[in-house]
4 protein chains.
Amino acid sequence: MPIHIDERSTTPIWEQIVQQVKELILKKVLRPNDKLMSVRELASALLINPNTVSKAYQELERQSIIETRRGKGTFVTEALSGQGNEQKIKEIRESLKLLVMESSYIGVSRDTLVQWIDGYLKEWGGEDDVNRPQSK
Amino acid sequence: MPIHIDERSTTPIWEQIVQQVKELILKKVLRPNDKLMSVRELASALLINPNTVSKAYQELERQSIIETRRGKGTFVTEALSGQGNEQKIKEIRESLKLLVMESSYIGVSRDTLVQWIDGYLKEWGGEDDVNRPQSK
Amino acid sequence: MPIHIDERSTTPIWEQIVQQVKELILKKVLRPNDKLMSVRELASALLINPNTVSKAYQELERQSIIETRRGKGTFVTEALSGQGNEQKIKEIRESLKLLVMESSYIGVSRDTLVQWIDGYLKEWGGEDDVNRPQSK
Amino acid sequence: MPIHIDERSTTPIWEQIVQQVKELILKKVLRPNDKLMSVRELASALLINPNTVSKAYQELERQSIIETRRGKGTFVTEALSGQGNEQKIKEIRESLKLLVMESSYIGVSRDTLVQWIDGYLKEWGGEDDVNRPQSK
DNA sequence: GTGGTCTAGACCACT
DNA sequence: GTGGTCTAGACCACA
């Protein structure tokens, strides 16, 4: 569970953790029912405040990506909901819009963007529906 | 120059203004040498503090997107240089990565993303007609 | 971290701070990873508004001279990259031109100018000793 | 008397005029007792407000670089004072300090600076004491 | 505790 | 009229 923090980054540490856990799951380094490091373990490993890790875990739980089983620890949830969270989609579209705008300004072409997207998807496992193992 | 602020959003007001001005330029509603609303005008139109507008304008100027002429007002810059800002590209790639991650989780396919991108680019298209009518 | 403000000067306070911080770094009074005074501390020390200090710090960060770590404070950046900023060079040449013009008018010779330059460079010299004593 | 204004520049127009007049004198395009264009002439030539030209001329007069002879016009003064205006010297030293600081940051060497200085002096007429014709 | 954002209102230089 | 700067004081997220 290799997570590393960039202290300089402007994105909050707890958010960096959230993002990296998600990435580890997409990359299948972490799989459903795998146990995460405890809050204290991870905090001391990263040399940060346990509160910060806790906040990250809470956010991940809120997104139903992990779940805590009392007395046992924190685990990756079984199935990742592919339910079209409308709110989330809106956010993604908004982010994408800004991203395409910025790309336009500095001269990054459409095709380059698409290439980058494909690059990431390939890196994380190829199949188009990696995130919905039960369907199909 | 229709700008509107989302008070609830977590992104700072000044940044919302920056983004929307950029969008207006991409959409060619604002064209090179066009005058922006004055700091005071825009501030009272949006019911926000002039300082906030000022900060937005200063950031836009820093990015060479607009320029202020003393005592005259603020204007859209002549040409948008496509200088390959490496730092900026890094940021875009990072954002894109997160965005693709989120998309995977929520079940948004690669093709949908590409469609969205093409949609935005088309919307800002290259036509040279002044103030494209929103209808059509 | 001795900074002092000239209230009479026409150059903005925030810019005076920027300049003096830069000077302190060149003089090696401040070194990479050193922590700057907090916005509030410096503001109350200088009897100015925290916003003004903040603006100075933000400008220094924009120039990659310092960096802020959330909730921790503001620190001197590791390495000063000598990236050949063309725009900046143009500005320097312009300033230098004016300066030489003024010098000519007032009867300051070329050699005097060169002496002054050497004086400054020597003052900020390359020695690696921490906090060079002003005495000696 | 070729003067041109950069509307985009952040330095005030009146100051641009002051600088360029000084430069023209150093370059000997304008010589002692030469008549300057009238305020109105110059203003309409530059498409700017006469007040702005007036302000520039006032500043030049304040520095004893030009003088107005009532009913006759404005003229370049006879001899340029080489008196070591202490205040002015202080200002020059301060500017030079900042300039050298900035140069250090972006990696412009001492020798480059000296070359630039020599370049300007040569451009304006070579002799070291161009500005004090009466001595020697 | 840290820095980031915003408001309210003031003054200034430039045109 | 324009934008730039500063003050006073408030609230927020982050650690």
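## Two DNA strands and a two-fold pair

Helix H3 of chain B gives the largest share of the surface near DNA strand F, with 4 residues. Keep in mind as you look around that this model is predicted.

Let us stay with DNA strand F. The protein surrounds this strand with 27 residues, and the closest are C:Ile13, C:Trp14, C:Asn49, C:Asn51 and C:Arg70. Sorted by class, the surface near DNA strand F holds 8 nonpolar, 13 polar and 6 charged residues. Which parts of DNA strand F make up its atoms within 4 Å of the protein? Sugar or phosphate accounts for 66% of them, and bases for the rest.

Some individual contacts fill in the picture. C:Ile13 uses a backbone N or O atom, which lies 2.3 Å from a phosphate oxygen of DNA strand F. C:Asn49 instead places a polar side-chain atom 2.4 Å from a base nitrogen of this strand. In chain A, the side chain of A:Lys55 has an N or O atom 2.9 Å from a phosphate oxygen of DNA strand F. The elements giving two or more residues to this surface are helix H1 (13–26) and helix H3 (50–62) of chain A, helix H2 (39–46), H3 and strand E2 (73–76) of chain B, and helix H1 (13–26) and H3 of chain C.

Now for DNA strand E. Here 26 residues surround the strand, and B:Ile13, B:Trp14, B:Asn49, B:Asn51 and B:Arg70 are the closest. Of the atoms of DNA strand E that come within 4 Å of the protein, sugar and phosphate account for 65%. The surface near DNA strand E counts 8 nonpolar, 13 polar and 5 charged residues. At least two residues each come from helix H1 (13–26) and helix H3 (50–62) of chain B, from helix H2 (39–46), helix H3 (50–62) and strand E2 (73–76) of chain C, and from helix H1 (13–26) and helix H3 (50–62) of chain D.

Here are side-chain contacts with DNA strand E:

| Residue (side-chain N or O atom) | Atom of DNA strand E | Distance |
|---|---|---|
| B:Asn51 | base nitrogen | 2.6 Å |
| C:Asn51 | base nitrogen | 3.3 Å |
| D:Lys55 | phosphate oxygen | 2.7 Å |

Finally, how do chains C and D relate? A turn of 178° with a shift of 0.0 Å along the axis lays chain D on chain C, with an RMSD of 0.5 Å. That is the relation of a two-fold axis. Which residue of chain D comes closest to the rotation axis? D:Val114 does, with its C-alpha at 3.3 Å. Of the interface residues of chain D, 90% are also interface residues in chain C, so the copies meet through the same surface.

Methods
Residues numbered from 1 in each chain as written. Chains lettered and ligands numbered in written order. Predicted model: local features only at pLDDT ≥ 70, side-chain atom pairs only at ≥ 80, totals over all residues. Heavy atoms only, no water. Least-squares fit on C-alpha atoms with pLDDT ≥ 70 in both. Contact = heavy atoms within 4.5 Å. Near = heavy atom within 4 Å. Polar contact = N/O pair within 3.5 Å; in protein donor to acceptor, adjacent residues only side chain to side chain. Nonpolar A, V, L, I, M, F, W, Y, C, P; charged D, E, K, R; others polar.
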